[in-house]
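Open your viewer and keep the selection tool handy. We will go from stop to stop, and at each one you will hear what to pick and what is there.

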Amino acid sequence: MAKLRELGVSFEHWCFACGRLNPSGLHLEFDVSRDRATARYTGTQTHQGYDGALHGGVVTALLDETMGWAIFHQGIWGVTGRITVTFKEPVPLGEELVVSGWITRERSRAIETKGRLERARDGAVLAEGDAVFIRMPEERRAELERRYAGAADAFARVREAVESEERREKAGAG
């Protein structure tokens, strides 16, 4: 998997989920492969709901952001049109979690995704989600690319790293 930060994707902004500047944020760092994104996170008391459990809104944000990065790292800018989360078990604070998102279907304007939040130590599924992302209009995408200077170049490096990894895997399997 390609590590976005190592490939020059800047997280020096205020996004609650992935931005480095937000002191209350989640500070997620993503590894990506074709149509997929993964991050690790350990919940803290700052994001607590009931005693000892991660707030459900934060669980939803983890899934939303990760499903979003499954498309964003490919240079596709979109917004969440719909998200559904199924909570399987309370999500504990202080334990490492793995959150994954992947694309299940692409249509002209909409991209369907699924996501899963697991406890790292045993793989127990704590929450699952599915979402539909709507592609941004071209003028809004261009505006965001200007605001997040260097995004297009960084995403090109990410695509090349993903393709290179796929070629290595294919050569090793053949």
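## First stop: Asp35

Select Asp35, which is partly exposed, with a relative accessible area of 24%. You are looking at a predicted model. Asp35 sits in the loop between β2 and β3. Now colour the residues that Asp35 touches: leaving aside those up to four places away in sequence, they are Ala70, His73, Gln74, Gly101, Trp102 and Ile103.

Next, check the backbone of Asp35. Its phi is near 60 degrees, which is a positive value in a residue other than glycine. As background, most residues other than glycine have a negative phi. In this model, Asp35 takes that positive phi in the hairpin of β2 and β3, where two residues lie between the strands.

For a sense of scale, draw a line from the C-alpha atom of Asp35 to that of Val91: the two atoms are separated by 26 Å, and the residues are 56 apart along the chain.

## A second positive phi: His27

Move to the loop between β1 and β2, where you will find His27. Phi of His27 is near 55 degrees, again a positive value in a residue other than glycine. Is His27 buried or partly exposed? Its relative accessible area is 29%, so His27 counts as partly exposed.

## Out to the whole sheet

Zoom out and show the strands as ribbons. In what order do the seven strands of the open sheet lie? The order is β1-β2-β3-β5-β6-β7-β4, and the pairing is antiparallel. Select β1 (2–3) and β4 (78–87) to see the edge strands, each of which pairs on one side only. As a general reminder, strands of a sheet pair through backbone hydrogen bonds.

Now walk across part of the sheet, one strand pair at a time:

- Select residues 30–33 (strand β2) and 36–42 (strand β3); these strands pair in the antiparallel sense over four bridges. Pick Phe30 and look across to β3, where its bridge partner is Ala39.
- Go on from β3 to β5, an antiparallel pair with seven bridges. From Ala39, the bridge partner in β5 is Val99, and from Ala37 it is Gly101.
- Add strand β6 (residues 110–119), which pairs with β5 in the antiparallel sense over nine bridges. From Val99, step across to its bridge partner in β6, Leu117. The hairpin that joins β5 to β6 does so through three residues.

## Inside β5: Ser100

Stay in β5 (residues 96–106) and select Ser100. Ser100 has a relative accessible area of 10%, so it is buried; the cut-off for buried is under 20%. Which residues does Ser100 touch, not counting those up to four places away in sequence? Show Arg36, Ala37, Thr38, Thr66, Lys114, Gly115 and Arg116, and you have the set.

## The aromatic cluster

Display the rings of Phe30, Trp69, Phe72 and Phe133: ring pairs link these four residues into a cluster. The structure holds three aromatic pairs. One of them is Trp69 with Phe72: the ring centres are 5.9 Å apart and the planes stand at 80 degrees, so this pair is edge-to-face. Both partners lie in helix α1 (residues 56–72), and because they are three residues apart there, about one helical turn separates them. Trp69 and Phe72 are both buried. Phe30, in the same cluster, is the residue you picked earlier as the bridge partner of Ala39.

## Last stop: the cavity

Finally, turn on a cavity display. Rolling a probe the size of a water molecule over the atoms shows where empty space is left. How many cavities of 30 Å³ or more does the structure hold? There is one, and the largest cavity has a volume of about 60 Å³.

To find the lining, select Arg34, Asp35, His73, Gln74, Val158, Arg159 and Val162. By class, that lining has two nonpolar, two polar and three charged residues. Asp35, where the tour began, is one of the lining residues, and His73 and Gln74, also in the lining, are among the residues that Asp35 touches.

Note on methods:
Residues numbered from 1 in each chain as written. Predicted model: local features only at pLDDT ≥ 70, side-chain atom pairs only at ≥ 80, totals over all residues. Heavy atoms only, no water. Buried < 20%, exposed > 50% of the residue type's maximum accessible area, 1.4 Å probe, protein only. Contact = heavy atoms within 4.5 Å. Pairing = 2+ DSSP bridges. 1 Å grid on protein atoms, 1.4 Å probe; cavity = no way out; pocket = protein on both sides within 12 Å on 5 of 7 lines; lining within 4 Å. Points joined across faces, edges and corners; volume = space filled by probe spheres on them. Nonpolar A, V, L, I, M, F, W, Y, C, P; charged D, E, K, R; others polar. Phe/Tyr/Trp six-rings, centres within 6.5 Å; stacked < 30°, edge-to-face > 60°.
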